[in-house]
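This report describes the fold, the cores, the aromatic pairs and one helix of a single chain. The sequence and structure come first.

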Amino acid sequence: MSISILNSGASGGAQEQFGVMNALQQGGFISWTVAGILTIMLFFSLYIMFTKLFEQQKIMNQARRVKASFWNANSLREGAAKLEKNSAYKQLVDDGLAAQELHGRLTDPVEAHDWLHGSLRRSEDSINSQLGGGLAFLATVGATAPFIGLFGTVLGIYRALINIGQAGQASIDKVAGPVGEALIMTAFGLVVAVPAVLAYNWLQRRNKSIAEDLSAFSTDVLGYLASNGAVRPAAARKAAGSAPAAKPVATTTAGQTGGVPIKS
């Protein structure tokens, strides 16, 4: 694909004589190796970008469904049963319920909200780690692809200088091929690096937004578990149309650092 793009700017005769394929053939094994490495980098970068985009969109769709209906259920188990089997939000609820059951089996007393908070935090970290998988490769490609292309450029210029020295004069026919190949390698490196950098930054920003939603949901689940169902998100209480308490009391979700005041 990239070779076709680079070739498209050349005219018919010039393309045959000084095109990309001819330049790579002049460059020999090293030029083909550099082009092959860059092509592999481009393929895997595009694969990671599209697969991660699909995963992120799936979790974002799950978040919208959770906000719309999850907290209207009578219990966490009932709400979790309505979620998708492999949903990230179902994983958080299941891990929270499992941690609540295991807390009673501890022989060394541990504060309930600390135990629940740690369990939910581990679940969040596991989901965020899966979402971040592959992004390090994009960052590596963005940082190294220009230099790999530059390596081919240096070799191309080196061969051009050798041809000039052997010919005794700087004629165009002696230097056009190697210099053209050198420029092609530089352009190819940039074609690979720029999309990788843009994809990395974009996917990282979307991951941050997803992590914020997961953290907010985890806080709500922690508040529900620590209060035996008395603390729910404000939107869920309004939707349920429950009668207000005699005297609302502002509380934080199970003493979690940075907990959001919730009236219950």
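## Basis and overall fold

Helices here are DSSP runs of H or I with at least four residues, and they are numbered from the N terminus. The model is predicted.

The chain contains 10 helices and 2 strands. Read from the N terminus, the order of elements is α-α-α-α-α-α-α-α-α-α-β-β. Of the 264 residues in the chain, 36% are buried. The exposed surface comes to about 14900 Å², with carbon and sulfur atoms supplying 62% of it. Among contacts with a separation of 6 or more, 72% join residues 24 or more positions apart.

## Nonpolar cores

In soluble globular proteins, nonpolar side chains tend to be buried together. The largest nonpolar core in this chain has 25 residues, and the members that touch the most others are Phe70, Leu76, Tyr89, Val93, Phe217 and Val221. At least two residues of this core come from each of helix H4 (29-69), helix H5 (76-81), helix H6 (88-103), helix H7 (112-132) and helix H9 (172-226). The biggest contribution is that of H9, which gives 7 residues.

Which residues does Val93 touch, leaving aside those up to four places away in sequence? They are Phe70, Leu76, Ala80, Phe217 and Val221. A second core, separate from this one, has 14 residues, including Leu42, Ile148, Ile184 and Ala196.

## Aromatic pairs

A pair of aromatic rings is described by the distance of the centres and the angle of the planes. The whole structure holds 7 aromatic pairs. One of them is Phe44 with Phe137: the ring centres are 6.2 Å apart and the planes meet at 75 degrees, so the pair is edge-to-face, the class for angles over 60. Phe44 belongs to helix H4 and Phe137 to helix H8 (residues 135-167), so this pair links distant parts of the chain, 93 residues apart. Phe44 is partly exposed, with a relative accessible area of 39%. Phe137 is also partly exposed, at 32%.

Phe70 and Trp71 make another edge-to-face pair, with 5.0 Å from centre to centre and 85 degrees between the planes. Both Phe70 and Trp71 are buried. These two residues belong to one aromatic cluster together with Tyr89, Phe217 and Tyr224.

## Ile157 in helix H8

Ile157 lies in helix H8. Is this residue buried, partly exposed or exposed? Its relative accessible area is 41%, and because the partly exposed range runs between 20% and 50%, Ile157 is partly exposed. The C-alpha atoms of Ile157 and Ala182 are 6.2 Å apart, while the two residues are 25 residues apart in sequence.

## Helix H7

H7 has 21 residues, and at 1.5 Å a residue it should span 30 Å. The C-alpha atoms at its ends are 30 Å apart, which agrees with that expected value.

The buried residues of H7 are Leu116, Ser119, Leu120, Ser123, Glu124, Ile127 and Leu131. Viewed down the helix axis, they fall within an arc of 135 degrees, so they line one face of H7. Exposed residues Arg122 and Ser129 sit on the face turned away from that buried side. After H7 comes Gly134, which has a positive phi, near 95 degrees.

Conventions
Residues are numbered from 1 along each chain as its sequence is written. This is a predicted model: local features need pLDDT of at least 70, side-chain atom pairs count only at pLDDT 80 or more; totals for chains, interfaces and linings use all residues. Side-chain values use heavy atoms; hydrogens and water are left out. A nonpolar core is a set of buried Ala, Val, Leu, Ile, Met, Phe, Trp, Tyr and Cys residues joined through side-chain atoms within 4.5 Å. Buried means under 20% relative accessible area, exposed over 50%, partly exposed in between (1.4 Å probe, protein chains only). Contact means heavy atoms within 4.5 Å. Accessible areas come from the Shrake-Rupley method with a 1.4 Å probe; for residues, only the protein chains shown count as cover. Rings of Phe, Tyr and Trp (its six-membered ring) pair if their centres lie within 6.5 Å; planes under 30 degrees apart count as stacked, over 60 as edge-to-face and the rest as tilted. The expected span of a helix is 1.5 Å times one less than its number of residues. The arc is that of the directions from the helix axis to the C-beta atoms.
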